[in-house]
Amino acid sequence: AYAHANGMKMYAAARMGVSSFSFPYDKPYFDCDFANSHPEWRCVTRDGFMVDTLSYAWPEVQDFMVEHLTQGIRYGFDGVTLLFSRGMAVMFEQPVLDRFAEKYGDAVDCRRLLLDDPRLTGIWSDIMTEFMRKLRKKLDAAAAADGRPSPGIFVTNCHAVADGLRQGVDVERWAKEGLITGVVQTNMTIWEDLSLPGILAQDGLIDLEAYTCLANSEYVIKRTHGNDPHLTQAGLPE
């Protein structure tokens with residue numbers, strides 16, 4: 001109310017990774033009871049390892065985050081800021097495998113595709129766009145109930161549009177659908193180190209056996225912190 005009285009708008013920000021700890025740190029021990037209670041909905045890497053972050057491939061996870069973010073609108077915030085710059089939102093969970101098989105058949109195991117393959121990012125984009133549509137609808141309804149205008153939705157993305165697609169964060173698609181208000185670029189992105197020995201098979205796709213061996217001894221999935229300003233600047237025109 002004080003911010004509004006001074007002509008400011010306030011946005012509720014939240015990290016979009018649904019992990020065993022919550023952010024903002026609003027509980028004494030930082031626990032996220034929902035995540036702790038549903039390990040079966042965790043993200044899954046190529047080689048079947050379950051990550052301590054829930055996947056938006058499961059509708060229940062989408063609904064949980066929609067409700068979590070809508071609470072900010074009920075508190076009186078003017079909108080939300082979705083922080084996608086850390087963690088993962090969707091990977092190779094069973095719903096992803098099922099969708100891929102339904103669309104492309106079983107000629108290619110989607111777990112062998114590179115992260116930037118449009119067939120894979122397309123499935124992820126479909127899943128995350130479904131979440132964004134739910135969020136847009138729920139936020140609008142919550143604001144309308146109080147006689148307030150449609151809340152803004154800002155998305156914190158990675159270096160560039162293509163980087164966000166590795167999490168299904170398709171800001172171009174969301175903008176065209178009118179789901180978001182704006183995009184905030186960050187200096188971080190997530191990628192896989194394909195230079196590691198043996199990680200690519202002769203057909204140019206991921207060798208899952210080699211991937212598993214490498215993942216047991218070193219980091220295959222890496223995060224760039226954007227210490228090179230050229231990386232950040234390169235994505236600005238988009």
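**Helix packing and overall fold in a predicted model**

Me: In this predicted model, why are H4 and H5 called oblique to each other?

Reply: H4 and H5 are oblique to each other because of their packing angle. That angle is about 120°. Roughly perpendicular ends at 115 degrees, and roughly antiparallel starts over 145. The value falls in neither class, so oblique is what remains.

Me: Where do the two helices lie in the chain, and how far apart are their axes?

Reply: H4 covers residues 94-104 and H5 covers residues 118-145. Their axes are 10 Å apart. H4 passes H5 in a right-handed crossing.

Me: What makes this a contact between H4 and H5?

Reply: Contact needs heavy atoms within 4.5 Å. From H4, Val96, Arg99, Phe100, Lys103 and Tyr104 take part. They meet Arg119, Leu120, Ile123, Trp124, Asp126, Ile127 and Glu130 in H5. The contact residues divide into 7 nonpolar and 5 charged, with no polar ones.

Me: Which secondary structure elements make up the protein?

Reply: The protein has 9 helices and 9 strands.

Me: Why is the protein called as compact as a globular protein of that length?

Reply: Its radius of gyration is 19 Å, and the globule rule gives 18 Å for 238 residues. The two values are close, so the protein counts as that compact. The C-alpha atoms fill a box of roughly 65 × 40 × 40 Å along the principal axes.

Me: What share of the residues count as buried?

Reply: Of the 238 residues, 43% count as buried. The cut-off is under 20% relative accessible area.

Me: How much of the contact count comes from residues 24 or more positions apart?

Reply: They account for 68% of the contacts with a separation of 6 or more.

Methods:
Residues are numbered from 1 along each chain as its sequence is written. This is a predicted model: local features need pLDDT of at least 70, side-chain atom pairs count only at pLDDT 80 or more; totals for chains, interfaces and linings use all residues. Side-chain values use heavy atoms; hydrogens and water are left out. Axes are lines fitted to C-alpha atoms, for helices over the stretch in contact, and angles run from 0 to 180 degrees between N-to-C directions. Helices (H or I, at least four residues) and strands (E, at least two) are DSSP runs, numbered from the N terminus. Angles under 35 degrees count as roughly parallel, over 145 as roughly antiparallel, 65 to 115 as roughly perpendicular and the rest as oblique. A crossing is left-handed if the near helix is turned anticlockwise from the far one by less than a right angle, and right-handed if clockwise. Ala, Val, Leu, Ile, Met, Phe, Trp, Tyr, Cys and Pro count as nonpolar, Asp, Glu, Lys and Arg as charged, and the others, Gly among them, as polar. The radius of gyration is taken over C-alpha atoms; the globule rule is 2.2 Å times the number of residues to the power 0.38. Buried means under 20% relative accessible area, exposed over 50%, partly exposed in between (1.4 Å probe, protein chains only).
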